[in-house]
Amino acid sequence: MSESDRTDAARYWRGLEERTPDAALQAQLRPEFTPQADVAPQGLDRRHFMQVMGASFALAGLGACTRQPVEELVPYARPPEDLVPGRPLYFATALTLGGFASGVLVESHTGRPTKIEGNPEHPSSLGATDRFAQAALLDLYDPDRSRAVLHLQRIRSWEAFLQVLEPALEAQVPLQGAGLRILSGSSTSPTLAAQMQRIRARFPQARWHRYETVSRDGLRSATLAAFGRYVEVRYDFSQADVVVALDSDFLTTGPGCVRYAKDFMARRRVREGQYGMSRLYCIESTPSATGAVADHRLSLPPAQQLACAFALAFECGVHGTGVLGPAGAGDLEKWRQIIGLDLREHAGRSIVIAGDESPVELQALALAMNQRLGNLGRSVIVSEPIEVEPTSHIGSLRDLVQDMRAGQVELLLVLGGNPVYDAPADLDFTAAMAKVPLRAHLAFAEDETSENCHWHLPLAHELETWSDARAHDGTVSVMQPLIDPLFGGKSMHELLAVVAGDKERNGIDIVRRTWTERLGADFDTRWRRILHDGVVAGSEEPLLPLELQRDSLTQLFLGVASDLAPRLERRNDSLEVVFRVDPTVHDGRFANNGWLQELPKPWTRLTWDNAALLAPATAARLGLANEDMVELEQGTRKVRAPVWVLPGQPEDVVTLHLGYGRRRVGRVGTGAGFDAHPLRTSAGLVHASGLRLRPTGEQVKLACTQLQHAMEGRHLVREGSLSEFRDHPHFAQEMGHGVHAPTSLYPGFEYEGRAWGMVVDLGACTGCNACVVACNAENNIPVVGKAQVRKGREMHWLRIDRYFEGSAEDPRVVQQPVMCMHCENAPCEPVCPVGATSHGKEGLNEMVYNRCVGTRYCANNCPYKVRRFNFLQYADQETEVLKMLRNPDVTVRTRGVMEKCTYCVQRINQTRIQIKKEDRPLRDGEILTACQQVCPSDAIIFGDINDPNSKVAKLRQQPLHYGILEELNTRPRTTYLARVTNPNPERGAAAGHAGDVRGH
Amino acid sequence: MREMCVATETRTTADSPLVAPGHTTATVTDKIAAVVLQSTPRWFYPAFGASFGLLMLFMYAVTILFAKGVGIWGVNNPAGWGFAIVNFVWWIGIGHAGTLISAILLLLRQKWRQSINRFAEAMTLFAVACAGIYPILHLGRPWLAYWLFPYPATTGVWPQFRSPLIWDVFAISTYALVSLMFWYVGLIPDLATLRDRTQNRIARVVYGMMAMGWRGSAAHWHNHDTACILLAALATPLVVSVHSVVSLDFAAGLIPGWHATIFPPYFVAGAIFAGFAMVITLAIPLRAAFGLHDFITERHVRNMAKVMLATGLIVNYGYAIEIFIAWYSGNEYEQYMLTNRVLGPYRYIWYSLILCNVVATQFLWSAKVRSSAVAVWVVSMFINVGMWLERFVIVVTSLTRDFMPSAWGMYYPTRFDYFTFFGTIGLFLSLMFLFVRLLPMISIFEIRTLLPKARAKEKSA
């Protein structure tokens, strides 16, 4: 203690305790103040000051000496000298879901990824992506991502974790790794496969368990039964004239869905003189996006659906399926004949597809039908498995739980996933896991599983890591990072490298090791090529000529059929429950993603919540209405959920979407929805019967973006059957009121030069929502939250309208993407008092944000209601990490300003500058709006309507072409192609489905 | 209008006199000036306090509004306008009676107007002040409201003159200015009276300055008369133009329920209807409070009731025509608009509107009702409410369900909507209370001309 300090202490005292001579008490008091507090500023002389400052400067300088790892993130798609601020670079990589890759090109502005596009070279993408890939960017910049290694909720370092892990691994070496378990989701990564082999070499007894909510177990087991081994099944929809989907949402979810949508819709594109079109039957136990597109949709409870599938299989001549007899009531029987006939007539050119979540029996029936119809090898392709070491997920998880319970697991590494949240309730995973002495969870954010693990390790985002993955057809992509891990996360490979005891601990070294072995000579050139293209050319899995094992399948069918008979008898006292992953937040991994939370779900248009979906008749019988809180009881387990009455839901079936009700999640996902997992057991992963429902009398508020479900007889969505189109090609144009002759005294504006226009092909739209998320990402559209959505203030510039038609039990659904129409006579323009929205000479209706004072008159006067107003400060301008997310080419709007679709004017201008520099005319298709670029089914076409050779100008000449509300003389530039469906003419109008032209 | 009023006049001249018998110029002056010069009556404090409390609520609501944005209100995507615009149109409508009474009735030589015009003009000014606040408050970025004025900006950007909102700016600012001038010019002789009568030095100086050296010379009176007539002539077209322009905010839009050519006359009639209702609503309690039955007589009440009946019938005709045109147009959107008003989610608002503006008005056919101040007051309250509901129906019901069913929604006002609405009522009443205590609420010099003595002189002349 210095002299001055001592005298100070003597002079001033803070309490009587300080004056006590009790040394122990004095010692206790001291740590209350930081050591620096002792250095009194008083008496600091020049010499002392120089000492302190000198030391500080030296230390500050040392901080800069941390050696940054030198990694080569090249090759650039363009050489580095092109790195001009304001001009983006594009890198090819891939994003995975359920292990399967979809290739993407990521736009990078001065080193930060700002937009994800599909990779045209990638077979699962062909330039488009799904909604999840679009939203991945927001995940990357999620401020709630975990930022540190945690041990029992305390911040530790990665090295500290290794100091614990490595001895634990060493201890496993003599046991051959008998106590080591790794749990992860599915993977298709060759690097991961190689690492697993090296881990096996080091720990032969170690086991690798797999579990995902969408496990695809049904398909795996079915292939095992059908072929005696695991194989992968993929489909070629370009070869299919007739498609029967059994609970399959192949157009919008699952591996290859983007490609499937593209192929499928290409076969349904009808134009004048071009009438070839495939037909889609959907037989589903809960409404799906694919079902909304179907020509015929049958909505059946799971047991009836299975019976129907049996009947169909019998109709196709599959052995062992005739035991059930007729498919039920008269109408169903008729359907069996009609669909069966259609399938047989198109043998070899049809597809029967069951959903990723469907149980084994449905999958096996589909496989058997495809085989019987001769589709295998043509439209249905069987190949070697694409996943690494395929296994039954539920079996794998059950084994792990058993081992953990038996105390055989000493070290558990959970790589991604969230089993504490999503493991089947009856396994009681959490309790079993508690018995593991050392458990670590590598996860993107702190979640339910990290809470229950000793160590939480931040997982790097896929855009931050080196890895590799395979597409739905097996094509391999090497994934390269776009940015260093923002919060110091590690990849799975980096953790597994430690387990394997490899020298290479760095992401790039690990992946390069795999590829050095694979590529052999001329590594550098080929490696650069692969990174540049985003795919390894010619690496898809070839067709596997396999024979179906008829006997084992027959056995399976007989077993299932005998169980099925009692299930078919409808019991009135209980309901059936169907589980599905959520269409927007998936299995809960996207629960903290605002773009996906706020994305309206295809049928319900709900945001921010899941709900217990009930058929109108069931709800009426139970006296329930939307937003009524009910208690669902399955056995001894209970869950409370709000009701949503959904037309088209099968009677007495309750659909519960998984992925909501996360208990430990970031600020976005907190409080969203309810957790249906407690009702989900390993015996009833997909559906279960015996659900009881009890109204609680309470109400909760749900945020639905569309309150009106009928079109009120207005001709907004126009559709007709194929035969109608053939007979009256102009049916759609005759439906509306038509356009009145111009009545203005003034001559119209002459659009010389370019005139932008957009055509949306309603026949091709699957309602997959990818365009909506792409628009969010491209245009810096803010997320407003549930309360604001409930007020009707969602900011989406592009919305997908959904209308029901027909009866409540068996409605047809039509969907219509609606964005700014860029009317030539825009009603919004003359009413703005400050001229903040005005007309460009190329026909764009332009919004001048910094001139807008916010009268909202333009939005009132917009008949299409596509304008969006910043009622509050919606854009987050505070959170630093979100600033990196913004597209620098688009203004971030403040409160009080109107906004709307601009036709991605920043992209138009970029190309305009480019072609001016190159002194050449615009090429058609050179400018892609964000929604157009992402659309898997090419439903959105944008271009110059003044160029008679442009695609958009030609589509505007089609007889199917029409504009909505044209009778108001708005002269919209965004127009539509009427939807043409292909109902089975055999079916006629008997079921109220087909034949007639539907004008709404 | 004209015929109606003239007819009223001829019938009522034989009626009771406009000033109770027994008054002389001195008693008139005493009685009216006393309202200002006497010490504050005890009831004034709680009444003014309540109004001022509401005004403070308004200040609170506006502070939060400026801090957070219009999102604190219930406005949303289909309904970009809500309470703010409803209240704006309502207040502007109320602000119509004053100028009508002062200007048009002055030109028409309707003597009975003289005991209510001062008060009605003040009401007009305050109502216009309340109305004028809303267009600024409802902006997303209110601090940029001046962009609506054609000032010489260095950016070279002008307002857009095609927008009805710009026409609004001109119409309302002109109206407010002319009304203020008219009111003030009319006040000058009475300010001089107060200057001469007050015992308070400060008041004398203030009134003296405001009286601008009025000495009551013949030249003064002559100039004053000329100024009044000229201002009346200026103000007369404004009575018609302001609400016509306000109605164009809607009529120029294409929303079913807005896009109607009948709107200008229909709105003007509605405004006079609402304005007279508000004059009655305020005059009858004030008359009772200050014992001014001698000047605001039953005849005044009867006359105002007749004007309300006449304009009310025009408004009712407007409703009928709206319904007829919706059907006759054969336009599905117009027809749906009607269905939606009558059967849609806001149908109770429409039913209440019909009850207030159609049913309640019909009671004014009865001479018995017209002679009862209480009954007329009750009817006027119905009309105040009814006219507010009418604007709600026009603004909100039309907006929430227009062309695209997918975009239909509902508008639910929040507490801040109510705070702001009641807050402006507080502002209005506070100004009104201050007015009656600080300025003569009835024109002293004009009442003097109504005395039998003055009338005799006039007749002999």
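**A walk through two chains**

Let's start inside chain A, at helix α4 (residues 131-140): ten of its ten residues are buried, so this helix is largely enclosed by the rest of the structure. "Buried" here means that 20 or more other C-beta atoms lie within 10 Å of a residue's own C-beta atom. Keep in mind as you look around that this is a predicted model.

Who sits in that buried stretch? The run opens with Arg131(A) and Phe132(A), carries on through Ala133(A), Gln134(A), Ala135(A), Ala136(A), Leu137(A) and Leu138(A), and finishes with Asp139(A) and Leu140(A). As for what surrounds them, these buried residues pack against β1 (89-97), β2 (100-109) and β3 (112-118) of chain A, and also against three helices of that chain, α21 (594-597), α25 (770-778) and α31 (930-934).

Now move over to where the chains meet. Here 41 residues of chain A are in contact with 40 residues of chain B. On the chain A side, α27 (828-831) and α28 (857-861) each supply at least two residues. The biggest giver on that side is α28(A), with four residues. Sort the chain A side by class and you get 21 nonpolar, twelve polar and eight charged residues.

Step across into chain B and the secondary structure is easy to sum up: 18 helices and zero strands. The radius of gyration of chain B is 23 Å, close to the 23 Å that the globule rule gives for 461 residues, so chain B is as compact as a globular protein of that length. If you'd like its dimensions, the C-alpha trace spans about 70 × 55 × 45 Å along its principal axes. Of the 461 residues in chain B, 51% are buried. Its contacts reach far along the sequence, too: take those between residues at least 6 apart, and 82% of them join residues at least 24 apart.

For a closer look at chain B, pick out one pair of helices. Two packed helices are described by the angle between their axes and the distance between the axes. Helix α11 (residues 298-329) of chain B packs against helix α15 (residues 373-400) of chain B at an angle of about 35 degrees, and their axes are 10 Å apart. The crossing of α11(B) past α15(B) is left-handed. From α11(B), the contact is made by Glu298(B), Val301(B), Ala305(B) and Met308(B), while α15(B) brings Ala373(B), Val376(B) and Ile383(B). By class, this contact has six nonpolar residues, no polar ones and one charged.

Methods:
Residues numbered from 1 in each chain as written. Chains lettered and ligands numbered in written order. Predicted model: local features only at pLDDT ≥ 70, side-chain atom pairs only at ≥ 80, totals over all residues. Contact = placed C-beta atoms within 7 Å. Nonpolar A, V, L, I, M, F, W, Y, C, P; charged D, E, K, R; others polar. Axes fitted to C-alpha atoms, helices over the stretch in contact; angles between N-to-C directions. Left-handed = near helix turned anticlockwise from the far one by under 90°. Rg over C-alpha atoms; globule rule 2.2 N^0.38 Å. Buried ≥ 20, exposed ≤ 12 C-beta atoms within 10 Å, placed from the backbone.
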